[in-house]
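Student: I should like to go through this model asking how each label is earned. Could we begin with the terms for its parts?

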Amino acid sequence: MPNTAADLAQLLARAERVLARLEAWLPAVPPVTDWDAALAFRWRKRGDTGWIEAVPHPHKIELALLTGIDEQKQRIEQNTRQFLAGRPANNVLLTGARGTGKSSLVKALLSRFAHQGLRLVEVDKAHLVDLADIAEQLVGRRERFIVFCDDLSFETGEPGYKALKAVLDGAIAAPPDNVLVYATSNRRHLMPEYMAENELTRHVGNEVHPFEAVEEKISLSERFGLWLSFYPFDQDVYLAIVQTWLQALGVVIKDPDAMRRAALQWSLTRGARSGRVAWQFARDYAGRQRGGKRK
């Protein structure tokens with residue numbers, strides 16, 4: 001006669017093993033976002049599961065420290081104020097020379113407007129396909145969110161391209177009124193353009209119709225209502241930026257002429273006069289001075 005208790009225990013053990021195998025196939029339950037833990041967030045992805053994660057120590061930049069981009073600051077500040085006030089505002093595309101303050105400007109907005117309810121959600125280009133899911137988690141919240149896509153560019157056929165177009169303007173669902181997209185790129189139209197595309201045209205009578213691929217590439221950048229362009233700095237602006245960062249780092253400049261020569265030499269070795277190069281020089285200069293190696 002079979003042992004009923006033993007058979008039941010064996011059956012339960014087999015059931016537990018089956019359930020354990022099934023759990024391995026099921027998607028993990030995403031962590032709950034702690035909206036009160038931070039002012040900045042980022043979209044994280046593990047397998048097919050995505051969630052919004054708090055960033056407790058974001059990179060803080062004061063807007064006043066960004067030099068040489070006064071017009072760009074004024075325009076993006078005004079747009080952001082409209083957004084925070086619940087008035088119509090535009091998605092923003094910041095394009096131009098590298099190291100000229102595009103990303104820093106977006107980060108500085110958080111320092112300026114966080115007390116008014118502004119929050120930043122950073123989304124990597126590889127995760128742009130999840131933009132609709134991200135927006136769904138933000139809609140209806142009392143905060144106002146900037147979805148930040150840094151160093152954005154696409155190659156032909158990348159899936160995030162169409163997802164971004166849909167969120168900006170083109171999906172059947174209306175975009176959330178508490179969400180804007182601010183993106184930076186070194187490319188004005190976000191995708192590579194080739195001379196051959198201008199050559200591939202067809203003629204109907206006297207009318208010339210550009211190759212459709214060119215129109216497709218331009219259509220994404222046109223969905224950003226506000227374009228801000230950034231240009232390389234001249235020598236005077238570069239030195240002014242250096243001066244600003246040195247003051248922010250608490251550096252006492254004993255020999256201004258020597259400092260300027262060192263800053264210009266630094267820019268020559270880097271092959272650029274940009275805000276990033278100025279910041280890197282200022283850190284080096286401050287570190288050397290505090291170490292007693294530079295007078």
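Tutor: Helices (H or I, at least four residues) and strands (E, at least two) are taken as DSSP runs and numbered from the N terminus. By that rule Phe41 is placed in strand β1. This is a predicted model, in which local features need pLDDT of at least 70 and side-chain atom pairs count only at pLDDT 80 or more, whereas totals for chains, interfaces and linings use all residues. Residues are numbered from 1 along each chain as its sequence is written, and side-chain values use heavy atoms, with hydrogens and water left out.

Student: Why is Phe41 called buried?

Tutor: Buried means under 20% relative accessible area, exposed means over 50%, and partly exposed covers what lies in between (1.4 Å probe, protein chains only). Phe41 has a relative accessible area of 2%, which is under the 20% limit, so Phe41 is buried. The C-alpha atoms of Phe41 and Ala54 are separated by 4.4 Å, although the two residues are 13 apart along the chain.

Student: What makes the contact between Lys45 and Asp130 a salt bridge?

Tutor: The term requires a side-chain nitrogen of Lys or Arg within 4 Å of a carboxyl oxygen of Asp or Glu. For Lys45 and Asp130 the N to O distance is 2.9 Å, and since this falls within the limit, the pair qualifies. Lys45 lies in strand β1 (residues 40–46) and Asp130 in the loop between β4 (118–122) and α4 (131–138), so the salt bridge ties together parts that are 85 residues apart in sequence. The two partners fall in separate classes of exposure, because Lys45, at 30%, is partly exposed, whereas Asp130, at 8%, is buried.

Student: How do you know that Asp284 and Arg288 are separated by about one helical turn?

Tutor: Both residues belong to helix α10 (residues 275–290) and are four residues apart there, which gives about one helical turn between them. Asp284 and Arg288 also form a salt bridge, with their closest N and O atoms 3.0 Å apart. Asp284 has 21% relative accessibility and Arg288 has 39%, so by the bounds already given each counts as partly exposed. Elsewhere, Arg42, Arg44 and Glu53 are joined into one network by salt bridges that share partners.

Student: What makes Glu53 and Arg44 a salt bridge?

Tutor: Their side chains meet at 2.9 Å, N to O, and the pair is therefore inside the permitted distance. Glu53 is partly exposed at 22%, as is Arg44 at 35%. The structure holds nine salt bridges.

Student: How do you know that the span of helix α3 is close to the expected one?

Tutor: The expected span is 1.5 Å times one less than the number of residues in the helix. Helix α3 (residues 102–113) has 12 residues, for which 16 Å is expected, and it reaches 17 Å from its first C-alpha to its last, so the two values are close. The buried residues of α3 include Leu105, Val106, Leu109 and Phe113.

Student: Why are Leu8, Leu11 and Leu12 called a nonpolar patch?

Tutor: Patches are made of residues with over 30% relative accessible area and no salt bridge, with like charges joined within 9 Å and nonpolar side chains (Val, Leu, Ile, Met, Phe, Trp, Tyr) within 5 Å. Leu11, in helix α1 (residues 4–25), is exposed at 53%, and this value is over the 30% that a patch requires. Leu8, Leu11 and Leu12 together have about 300 Å² of accessible area, a figure from the Shrake-Rupley method.

Student: What makes the patch of Glu122, Asp124, Asp150 and Asp151 negative?

Tutor: Asp and Glu count as negative and Lys and Arg as positive, while His and the chain ends are not counted, so a patch formed by Glu122, Asp124, Asp150 and Asp151 is a negative one. The place of each charge is taken as CG of Asp or CD of Glu, and for the positive residues as NZ of Lys or CZ of Arg. Asp151 lies in the loop between β5 and α5 and is exposed, because its 52% is over the 50% bound. The phi of Asp151 is near 55°, a positive value in a residue other than glycine.

Notes
Accessible areas come from the Shrake-Rupley method with a 1.4 Å probe; for residues, only the protein chains shown count as cover.
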